[in-house]
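Please find below some remarks on the aromatic side chains of this entry. They are set out as numbered points for discussion.

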Amino acid sequence: MKTFKKNMIYGCCVNLCLAFTLIVFGPLEIFISNISDFRFGLSDFWWMLSALALGYLIISTVFIALLPDKLCEIITSLIFAFTLCCYIQTMFLNRKMQVLIGQEVGWEKKTIIFNLFIWMCIFIIVFAVKYYLKDKGRKVIKFISLSLVAVQLVALISLLLTTDALFGENKNYGYVSTEGMLELSQEKNVIVFILDYFDGRYMDSILAENEDFLLPLKGFTYYPDATSVHSRTYPSITYLLTGNMCYFDKEPHDYVNEAYEDSSFLPDLYENGIEIGLYTYPNYIGDSMKPKICNYAFKSLPLNFKEVIKSFMKIALYRDMPYLVKARFQYDAADINNRVIKYDSDDKKSDENAAPFQLFNDAWFAQMLTENGISIGEQDGCFRFYHLASVHADFSDWYSCAVRSFEIINEYADKMRELGIYEDSTIIITADHGYHGGGGLDLPQKTAVPILFVKPAGASDEDFKVSDAPVSHTEFIPTILNGFSLDYQDYGRTVYDIGETEDRERFYYYSAVYTHEYGEIELREYKVDGDARNEENYHYTGKKWDILYSENPVSPK
């Protein structure tokens, strides 16, 4: 009985350390540090992780206490060594790796081998201490286990008290829904497809293999000499929807809200009876605009316990595992949001039209389009803004992702033709930014050319065309307003107003000064004189701004 009690206490200490490190602290630290990327709050799921940790602690402790002494020593030593390795990996070996993104990183072979060597050394040291120190070894392991729990508990409390995760305003209240997603007007429509990260060089590669790839785009004009204003998704999406620049001198939430408050673009559409549907990340939509778009649902949805556990364990394992196996636990925030939010269309208490929009899930969007088609509503006009993952979904297979994007658009256009609304609608296909590279203060990729296709209202049967006009995302808002026959003069010119031989200055603001280790540093202004596809036409103007706040890691200068 005495041995059972001792083993019970010993096993409890070791398993408590594992439960707190892997199940509680790891997921919560990542969630709190990146709370704006999640569509739910801490109060929605903390109890799920706590229940799992408590259940593991009770079952594993009792199980270990019932084992023979020698087996008990071996199992507890393995658990402790593993937990210690996880802690050291996170604190000292991951460096400033993008934990939230959870993407595969091409670590060098020597880095992987060195990482595994450290793990092996830790296991050897733990077993050596246990073997040579006997009962004292138990005391050492118990002390270290409880110390690690105490250190992480203090860190967790500090995070809770220094962020708005616990007491702050719930900025993630509500969600972007599917309301109106596939419903258009019989009168006027402007449809925008944002294909994330789709650079012109990707399109060049596709056309090199299939020169007829774009022929289905009847009535469209392709502008291969196009530039974006910003170089990353944040703040490109907000800029496209407001026309207001970001200089990274404000918290992202504040920049987004102020950008919408200072812009009359979307409010003008709203006041003119245009129904607005923005199918993108909700943190790119200002609070002042959320009540005015048709697809923002001001309510919280329950979470799926099983998916919460699976998703957050994946986060924790990506964070804590050695480099060799991290790729097995790849994930992204959009995928987690899509998975954990519980929605049952058969639930009579649920509003079937308020299902969450599956962010960065192009296959789901394609399925919804195929199964449900497009319907005609009673609106005087509709503006639809679809943000698709496209090539950003999987860089290792960007070709398939890019082709699928255009298959979706072609099917969408076919369904519009069936309803007789294709000709009178304006359709824009572009990217939030082109290839932004990363790593160094100089512009690493030299060119950044987002794709840009426009089909104006009135064009339907004309052959696909190509224009060498030097256009930019600065023409995005005017082109949309023109599609609704609204005055756009205050916003500049449309793409139709730019001549092919026009000599104009375009400015590109490069903020992708980023590496996995160091983070963003500066926003730099580049002037594009001439064809944006020619790297010699990019000139650094000397204007730069320190990046103080960003959704991406910010480097301490």
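1. In this predicted model, Trp545 has a relative accessibility of 27%. That value places Trp545 in the partly exposed class, because the class lies between the 20% bound for buried residues and the 50% bound for exposed ones.

2. Tyr509, the ring partner of Trp545, has a relative accessible area of 11% and is therefore buried. The centres of the two rings are separated by 6.1 Å and the planes meet at 50°, so Tyr509 and Trp545 form a tilted pair. This contact joins distant parts of the chain: Tyr509 belongs to strand E14 (residues 505-510) and Trp545 to strand E16 (residues 538-546), with the two positions 36 residues apart in numbering.

3. Aromatic pairs number 45 in the structure. Another of them is formed by Phe38 and Phe40, whose ring centres lie 5.7 Å apart; the planes are at 55°, so this pair is likewise described as tilted. Phe38 and Phe40 are both buried.

4. Ring pairs also build a cluster, with the members Phe198, Tyr202, Phe213, Tyr222, Trp398, Tyr399, Phe406, Phe453 and Phe464.

5. Two contacts between a lysine and a tyrosine ring deserve mention. The charged end of Lys455 is placed over the ring of Tyr422, at 4.8 Å from the ring centre. Lys326 is positioned over the face of Tyr318, and here the distance to the ring centre is 5.5 Å.

Note on methods:
Residues numbered from 1 in each chain as written. Predicted model: local features only at pLDDT ≥ 70, side-chain atom pairs only at ≥ 80, totals over all residues. Heavy atoms only, no water. Phe/Tyr/Trp six-rings, centres within 6.5 Å; stacked < 30°, edge-to-face > 60°. Buried < 20%, exposed > 50% of the residue type's maximum accessible area, 1.4 Å probe, protein only. Helix = DSSP H or I, 4+ residues; strand = E, 2+ residues; numbered from the N terminus. Lys NZ or Arg CZ within 6 Å of the ring centre and 35° of its normal.
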